[in-house]
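Biologist: Before I plan around this fold, I would like to go through a few of its local features. Please keep the answers short.

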Amino acid sequence: MRLHLDNFTKRFDGNPVIEGMNFVVEDGEMLALLGPSGCGKSTTLFAIAGIYRADGGRILFGDRDVTNLPSQRRNVGVVFQNYALYPHMSVEENIGFPLTVGRIRRDKAEVARAVREIAELIHIEELLARKPAQLSGGQQQRVALARALVRRPGILLLDEPLANLDARLRLEMRSEIRRIQLETGITAILVTHDQVEAMSMCDRVAIMERGRILQIGPPTELYRAPVNRFVAGFLGNPP
Ligand code: ADP
Ligand code: MG
């Protein structure tokens with residue numbers, strides 16, 4: 001599903017954190033929001049998810065204006081930085097949980113089928129009976145991803161999904177997340193402060209500084225023609 005942020009603005013206690021931000025993510029595209037800590041990446045993501053209310057502008061999913069819709073009605077899947085799995089539930093219950101709340105509830109057999117399908121896609125079929133505490137960091141992240149995708153959302157939002165993994169797993173999960181995004185054809189936004197991650201995983205990258213997008217484009221274009229010294233310095237040289 002196509003996503004359009006139109007003059008989006010967000011303030012905390014009257015202080016603008018995001019001022020008049022504009023961008024489009026095309027259907028099936030994966031965009032990175034890349035920038036230093038505190039520049040407003042998570043705020044933007046949470047506003048798209050409906051967790052934060054916008055203070056100005058519009059958020060459109062396809063032709064639909066979702067600016068004033070609550071989170072549950074936005075058809076988005078979110079993976080949070082700390083995964084936020086429910087510790088008392090099994091992996092199967094964690095993944096199926098979004099199907100058991102809200103307006104449209106599925107019966108047990110439907111939930112079990114949907115969980116199995118998504119577990120196969122993400123290669124975690126053998127983990128379904130475990131509790132989150134019995135999983136490695138990489139496995140927990142796969143479960144969080146499965147839970148975000150189980151309702152087959154139109155948009156997948158990933159907030160620093162690799163930040164808590166060691167270097168080897170981070171490399172593995174980079175290509176896994178991209179594989180899953182391409183296989184499902186889902187529109188996705190990856191929030192990260194890691195330039196190599198953004199440039200290697202995404203179709204386009206938006207470089208942010210203090211609540212604004214400085215430049216947005218495909219990785220090759222950003223490396224070839226950075227708009228200013230901040231962008232050039234932040235990106236460094238191509239890997
Ligand atoms: P990033 O994800 O890029 O590190 P954030 O979007 O989390 O940045 O934060 C952007 C700015 O907004 C920061 O200055 C942060 O302190 C502020 N901020 C974020 N969330 C809140 C909140 N719930 N209340 C007040 N200020 C916030
Ligand atoms: Mg953040």
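**Helix packing, one residue and a hairpin**

Modeller: This is a predicted model. Q140 lies in helix 4, which covers residues 137-149.

Biologist: Is Q140 buried or exposed?

Modeller: Q140 touches Y83, L85, P132 and L135, leaving aside residues up to four places away in sequence. A residue with 20 or more other C-beta atoms within 10 Å is classed as buried. Q140 has 22 C-beta neighbours inside 10 Å, so Q140 counts as buried.

Biologist: What is the C-alpha separation of Q140 and E172?

Modeller: Q140 and E172 are 32 residues apart along the chain. Their C-alpha atoms are separated by 14 Å.

Biologist: Which orientation do helix 3 and helix 4 have to each other?

Modeller: Helix 3 spans residues 108-122, and its axis is 10 Å from that of helix 4. The two pack at an angle of about 135°. Angles from over 115 up to 145 degrees fall outside the perpendicular and antiparallel classes, so they count as oblique. Helix 3 and helix 4 are therefore oblique.

Biologist: How many charged residues are in the contact of helix 3 with helix 4?

Modeller: I118, A119 and I122 in helix 3 meet R142, L145, A146 and L149 in helix 4. These divide into six nonpolar, no polar and, as for charged residues, one.

Biologist: Which residue takes a positive phi in the hairpin of strand 9 and strand 10?

Modeller: Strand 9 (residues 204-209) and strand 10 (residues 212-217) pair in the antiparallel sense over five bridges, and I207 stands opposite Q215. Two residues lie between the strands. The residue with a positive phi, near 40°, is R210.

Methods. Residues are numbered from 1 along each chain as its sequence is written. Chains are lettered from A and ligands numbered from 1 in the order in which they are written. This is a predicted model: local features need pLDDT of at least 70, side-chain atom pairs count only at pLDDT 80 or more; totals for chains, interfaces and linings use all residues. Two strands pair if DSSP finds at least two bridges between them. Helices (H or I, at least four residues) and strands (E, at least two) are DSSP runs, numbered from the N terminus. A residue is buried if 20 or more other C-beta atoms lie within 10 Å of its own, exposed if 12 or fewer, and partly exposed in between; C-beta atoms are placed from the backbone. Two residues are in contact if their C-beta atoms, placed from the backbone, lie within 7 Å. Axes are lines fitted to C-alpha atoms, for helices over the stretch in contact, and angles run from 0 to 180 degrees between N-to-C directions. Angles under 35 degrees count as roughly parallel, over 145 as roughly antiparallel, 65 to 115 as roughly perpendicular and the rest as oblique. Ala, Val, Leu, Ile, Met, Phe, Trp, Tyr, Cys and Pro count as nonpolar, Asp, Glu, Lys and Arg as charged, and the others, Gly among them, as polar.
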